[in-house]
Amino acid sequence: MAARYQQQLNIALERLDQGLARVHSMVKRGKNADAIYFMENDLKGFYEELQNIINIEPGSSNTRIGNL
């Protein structure tokens with residue numbers, strides 16, 4: 001079970017990382033409005049997905065705190 005949790009966590013972290021890279025690329029190209037839109041929608045979703053995975057960490061006494 002812990003291996004599956006770790007796999008889900010890694011996937012969510014990778015999605016967030018890729019999303020942050022996309023925002024960085026948009027800002028560098030001067031597409032600030034597109035970057036803001038992406039952050040308010042897709043990137044927010046990636047962060048929430050990661051937060052939900054952290055909040056349901058199996059076997060943790062700090063589950064609701066979100067400690068890694």
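**Close-up views of a two-helix chain**

At 22% relative accessibility, Phe46 counts as partly exposed, and this residue returns in the view of the aromatic pair below. The model shown in every view is a predicted one.

**View 1. The protein chain as a whole contains 2 helices and 0 strands.** Helix H1 covers residues 2–28 and helix H2 covers residues 32–55. Of the 68 residues in the protein chain, 24% are buried, and the accessible surface comes to about 5,100 Å², with 53% of that surface belonging to carbon and sulfur atoms. Among the contacts in the protein chain that have a separation of 6 or more, 50% are made by residues 24 or more positions apart.

**View 2. The largest nonpolar core holds 12 residues in all.** Its members are Tyr5, Leu9, Ala12, Leu16, Val23, Met26, Ala35, Phe38, Leu43, Leu50, Ile53 and Ile54. Helix H1 and helix H2 each supply at least two residues of this core. One core member, Ile53, is in contact with Tyr5, Gln8, Leu9 and Ala12, when its neighbours within four places in sequence are left aside.

**View 3. Helix H2 bends by about 45° at Met39, and its buried residues pack against H1.** The buried residues of H2 are Ala35, Phe38, Leu43, Leu50, Ile53, Ile54 and Asn55. Asp34, which also lies in helix H2, is partly exposed, with a relative accessible area of 43%. The C-alpha atoms of Asp34 and Val23 are 8.4 Å apart in space, while the two residues are 11 residues apart in sequence.

**View 4. The rings of Phe38 and Phe46 form an aromatic pair.** The count of aromatic pairs comes to 1. The ring centres of Phe38 and Phe46 are 6.3 Å apart and the ring planes stand at 65°, so the pair is edge-to-face, given that planes over 60 degrees apart are classed in this way. The two partners differ in their burial class: Phe38 has a relative accessible area of 5% and is therefore buried, whereas Phe46, at 22%, is partly exposed, the limit for a buried residue being under 20% relative accessible area. Phe38 is also listed among the residues of the largest nonpolar core.

**View 5. Arg15 and Glu49 meet through their side chains in a salt bridge.** The N to O distance of this salt bridge is 2.6 Å, and the pair links distant parts of the chain, with Arg15 in helix H1 and Glu49 in helix H2, 34 residues apart. The count of salt bridges comes to 1. Both side chains belong to partly exposed residues, since the relative accessible area is 37% for Arg15 and 27% for Glu49, and values between 20% and 50% fall into that class.

**View 6. Gln6 in helix H1 is shown together with Ile53.** Gln6 is partly exposed, with a relative accessible area of 38%, whereas Ile53 is one of the buried residues of H2. Although Gln6 and Ile53 are 47 residues apart in sequence, the distance between them in space is 9.6 Å, taken from C-alpha to C-alpha. The contacts of Ile53 beyond its neighbours within four places in sequence include Tyr5 and Gln8.

Conventions: Residues numbered from 1 in each chain as written. Predicted model: local features only at pLDDT ≥ 70, side-chain atom pairs only at ≥ 80, totals over all residues. Heavy atoms only, no water. Core = buried A, V, L, I, M, F, W, Y, C linked by side-chain atoms within 4.5 Å. Buried < 20%, exposed > 50% of the residue type's maximum accessible area, 1.4 Å probe, protein only. Helix = DSSP H or I, 4+ residues; strand = E, 2+ residues; numbered from the N terminus. Contact = heavy atoms within 4.5 Å. Bend = angle between axes of the 7 residues up to and from the residue. Phe/Tyr/Trp six-rings, centres within 6.5 Å; stacked < 30°, edge-to-face > 60°. Areas by Shrake-Rupley, 256 points an atom, 1.4 Å probe, with all protein chains shown as cover. Salt bridge = Lys/Arg side-chain N within 4 Å of Asp/Glu carboxyl O.
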